[in-house]
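Please look over the structure shown below before reading on, and keep it in view while you follow the numbered points of this note.

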Amino acid sequence: MNYSNIVMSMFVVALVAFAWLVPSTSSVAVSSSGHHVIDQEDLVNQSREVQQEKWIHPRLRGLELWQRPSGPPHVAIQVGHLEAASAPEELRALRRNTGAQFGDVTEVSVNQNIARQTKELLEARGVKVTLLPVTIPPNFYADVFLAVHADGSENVAANGYKIAAPRRDASGNAPVLVDFLEKSYGQQTGLVRDPKVTWNMIGYYAFNWRRYDHSMHPLSAAAIVETGFLTNAGDRKVIVEQPEKSALGIVGGVVAYLEAEDLL
Ligand SMILES: [Zn+2]
């Protein structure tokens with residue numbers, strides 16, 4: 001093959017390739033505009049899959065092999081708003097959230113009285129109890145985590161107690177705990193159940209281990225208890241004047257839960 005033949009055959013090859021490429025390029029262009037929608041749907045489906053199944057939050061990794069520490073049942077009771085001013089940087093928004101008030105009665109003092117009496121009663125039954133302030137030590141585990149609060153409202157007629165489980169409950173046990181608590185708390189205090197559980201309750205910062213280091217262990221069964229309204233005269237007769245009734249209500253629910261879980 002001489003030089004001109006080589007040039008000629010290269011030219012022919014190029015011409016054939018061009019003839020083949022032009023229609024095929026345009027057909028790719030047409031079909032790609034149709035494919036675009038499908039690609040995006042695939043992407044969305046893929047990210048849903050990642051969110052729902054395959055992606056695991058770093059704080060949940062390895063927990064399928066996790067076992068509770070041996071020893072007696074352990075209950076953590078957080079005194080709502082206690083030492084709020086010392087909240088860490090990630091929770092700085094809580095520093096000025098000192099809770100409800102009625103006259104010179106602060107919510108913290110009410111929460112603290114109820115929490116202390118709950119602790120005494122539970123310890124008498126062989127339960128280990130840790131009282132916690134606003135700041136929870138990172139990765140703190142207890143079999144039960146309870147946040148104790150009291151409500152306040154400009155409407156002095158607003159009354160009743162509310163108990164809620166976390167919006168995202170990795171323990172799977174929080175609804176059972178809440179059922180036991182609701183039943184016992186109503187029986188022991190005679191207060192009415194206020195069904196208006198708020199977004200702030202189910203999204204309580206201490207439940208949010210996805211976002212905050214200073215939050216409860218994902219596998220703790222958790223609940224937040226709004227013990228009654230500090231701004232309501234009837235509720236005050238219990239939560240301020242007879243906090244032992246509130247404590248008994250909480251203890252009854254916690255004990256029933258621990259027994260159901262074979263922890264007590
Ligand atoms: Zn509060």
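1. Alanine 76 has threonine 130 in strand 4 as its bridge partner, and this pair can serve as a starting point for reading a model that, please keep in mind, is predicted. Strand 1, residues 74-79, and strand 4, residues 128-132, run parallel and are joined by five bridges.

2. Strand 1 is also joined by five bridges to strand 5, residues 144-151, and these two strands likewise run parallel. Here you can locate valine 79, whose bridge partner in strand 5 is valine 148.

3. Is strand 1 buried or exposed? Six of its six residues are buried, and strand 1 is therefore largely enclosed by the rest of the structure. Both of its faces are covered, since buried residues are found on one side, with His74, Ala76 and Gln78, and on the other, with Val75, Ile77 and Val79.

4. Turning to helix 2, which covers residues 107-124, you will find 18 residues that reach 26 Å from the first C-alpha to the last, close to the 26 Å expected at 1.5 Å a residue.

5. The buried residues of helix 2 are Glu107, Val108, Val110, Asn111, Ile114, Ala115, Thr118 and Leu122. Why do they line one face of the helix? Seen down the axis of helix 2, these buried residues fall within an arc of 155°, and so they line one face.

6. Finally, just after helix 2, please check glycine 126, which takes a positive phi of about 90°.

Notes. Residues numbered from 1 in each chain as written. Predicted model: local features only at pLDDT ≥ 70, side-chain atom pairs only at ≥ 80, totals over all residues. Helix = DSSP H or I, 4+ residues; strand = E, 2+ residues; numbered from the N terminus. Expected span 1.5 Å × (residues − 1). Buried ≥ 20, exposed ≤ 12 C-beta atoms within 10 Å, placed from the backbone. Arc of directions from axis to C-beta. Pairing = 2+ DSSP bridges.
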